[in-house]
Amino acid sequence: MRIIWPLLLAACGPPETAPEKGTESSDTALRTPTWHEDVAPILAEHCSGCHAPGGLADELPWTTWDDAALAAGWIAETVSSREMPPFPAETTDRCTPPFPFVGDTHVPADQAAVLRAWAEAGAPEGDPANARPLPSPPSFALPHYDRELIPPQPIVVERRESDNGKVDDLHICWAFDLDLTEEAWLTGLEVIPGNDQVVHHVRIDVGTPADGARANDQGWWPCEATAFGERAANWVPGARPYTTPSGSGLPLPPGAHLVMSVHYHVPTDEPQEDRTTLRIALTDQVPERIVQYLKVGNDAVRYEDGTGLQPGPNDAAGAEFVIPPDTAGHTESFLWRVPESLGPVDVWLVGHHMHYAAVDAVLTVQRAQPGPGEPREVCLLDVPRWDFDWQLFYVYDDPEGQFLRLQPGDVLALRCTYDTTAANTAWSEVMALEGLDAPVSLQLSDGTLSEMCASLIGVLLEP
Ligand code: HEC
């Protein structure tokens, strides 16, 4: 089975600067907030990375009072509900992750309250003479890179339709030879998408010279249904570059190629050019700890030792991955045991992957032998409001670099919840888009009209 992880990299940008607490909240409590004095700085810091000309959401620019005032209620509401800025991992009643996440872009509660008060007061402009300086949005650019991997020439992609008139997607692969004669380690990666009209997502794997040999004389090959070696990264719109924790790296054997698989969706009639590029950071120093990725979930069966797919609601016989139509609150659950052969590992990155019928997912560790004072269960990641368009990888912010240690025998438990009723607008939209008029039950597969339940877990181990 082909597994595609159109995941966002919410990796290591610099942690957000701490909001200036106290001053603003205390004096705005005494007066009505205004655009110039209070609101413009908040939107500049938290929104202008996307909601400004040239940004990902530049159709909704809020850099001027004229534009922002019209949307004041909307802005206040999406911030208070934590829908915006997009960072769907949350601390909830059922989940307190062991560390905060790097680059958590949520707006602090005191600033969210200012936005609400401003909207309720009719979004006053205030006096430009009192304007406060505008902070810059946090930058998530790779702090340093050693190589830029650029396709030798742009590729031209064209709209392709299947028999029923739907736009078919295509996958194109490039293999970049890293010219390594000795082992090296990948420590950072940034995907620079070329044409944002057509680049849907990008996946990067560590490949071999044999992958390089598949390319045509323009350096690419169509790579539908291909799985490669160790995954190095994934990118979707909004993704951030990726830096491994200090003193760690992903092994790149001599001869390693980075295979960049670009998933194109070409809705336009005109052919489109694209030249998606990678920037990577490498080291030839043996790192103290090796990066590896584990995957939990997406098992089709329950294994003899009780791990794998678990029996659940609506299962006809034993454990099965079938999500019935027009059903809310359906769950699929999986267990995965840390094998003896892996040894102890430290978890630094987590992320979920599901499709459009999914509404939430939570991943926990059940300790085989909790240490003294240690809880039996630790929650790693809760995404209580799943959004297919904002699939991030979350990196724990542990200044000590210790992270959470998993021991052999510990069990990772993942539970995904689905809603195939009309209340789940993401799913209704997909059904309409795919021209489905009768409800269908969903099975485990990688197509849009199927589902998944998986978590990717980045761990560090001793070399
Ligand atoms: C990482 C980029 C990014 C940041 C940062 C961001 N937004 Fe957005 N926002 C988007 C995108 C993209 C959309 C378009 C709809 C979507 O994809 O969810 C959007 C849509 C919206 C919408 C429309 C909601 C809807 O349901 O379509 C509102 C309102 C909004 N953003 C408010 C904000 C506010 C306020 C901030 C800052 C506090 C903010 N956003 C920060 C990317 C961002």
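Me: A nonpolar core is a set of buried Ala, Val, Leu, Ile, Met, Phe, Trp, Tyr and Cys residues joined through side-chain atoms within 4.5 Å. Which residues touch the most other members of the largest nonpolar core?

Reply: This is a predicted model, in which local features need pLDDT of at least 70 and side-chain atom pairs count only at pLDDT 80 or more, whereas totals for chains, interfaces and linings use all residues. Residues are numbered from 1 along each chain as its sequence is written, and side-chain values use heavy atoms, with hydrogens and water left out. Buried means under 20% relative accessible area, exposed means over 50%, and partly exposed lies in between (1.4 Å probe, protein chains only). The largest core has 92 residues, and those that touch the most other members are Leu189, Ile204, Leu258, Tyr264 and Val350.

Me: How many residues belong to the other core, which lies apart?

Reply: Leu189, leaving aside its neighbours within four places in sequence, is in contact (heavy atoms within 4.5 Å) with Leu142, Ile204, Ala232, Ala233, Pro241, Tyr242, Leu258, Leu278, Arg279 and Ile280. Apart from the largest core lies another, with Val39, Cys47, Ala71 and Ala123 among its members, and its residues number 19.

Me: Which arrangement do the donor atoms form around the iron atom of the ligand?

Reply: Donors are N, O and S atoms within 2.8 Å of the metal (3.2 Å for Na, K and Ca), and because water is not among the atoms, sites may look incomplete. From the protein, NE2 of His51 and SD of Met84 serve as donors, at 2.0 to 2.3 Å from the iron atom. Six donors count as octahedral if opposite donors are over 155 degrees apart and all others between 65 and 115. Since the six donor atoms here subtend angles of 85 to 179°, the arrangement is octahedral.

Me: Is Met84 buried or partly exposed?

Reply: His51, the other protein donor of the iron atom, has 10% relative accessibility and therefore counts as buried. Met84 has 27% relative accessibility, so this residue counts as partly exposed.

Me: How far apart in sequence are Cys95 and Cys379?

Reply: A disulfide is a pair of cysteine sulfur atoms within 2.5 Å, and Cys95 and Cys379 are joined in this way with an S to S distance of 2.0 Å. The link is left-handed, with -95° about the S-S bond. Cys95 lies in the loop between helix 4 and helix 5 and Cys379 in strand 20, helices (H or I, at least four residues) and strands (E, at least two) being DSSP runs numbered from the N terminus. The pair thus links distant parts of the chain, the separation being 284 residues.

Me: What is the pairing of the bonded cysteines of the chain, numbered in sequence order?

Reply: The count of disulfides comes to three. Besides the link of Cys95 and Cys379, Cys173 and Cys223 are bonded with sulfur atoms 2.2 Å apart, and Cys416 and Cys453 with sulfur atoms 2.0 Å apart. In sequence order the pairing reads 1-4, 2-3, 5-6.

Me: Which are the edge strands of the open sheet of five strands?

Reply: Two strands pair if DSSP finds at least two bridges between them, and the open sheet runs 15-17-23-19-20 with antiparallel pairing. The edge strands, each of which pairs on one side only, are strand 15 (308–309) and strand 20 (377–383).

Me: Which residue of strand 17 stands opposite Gly308?

Reply: Strand 15 and strand 17, the latter covering residues 328–337, pair in the antiparallel sense over two bridges. Opposite Gly308, in strand 17, stands Leu335.

How values were computed:
Four donors count as tetrahedral if all angles lie between 85 and 135 degrees; four count as square planar and six as octahedral if opposite donors are over 155 degrees apart and all others between 65 and 115; anything else is irregular.
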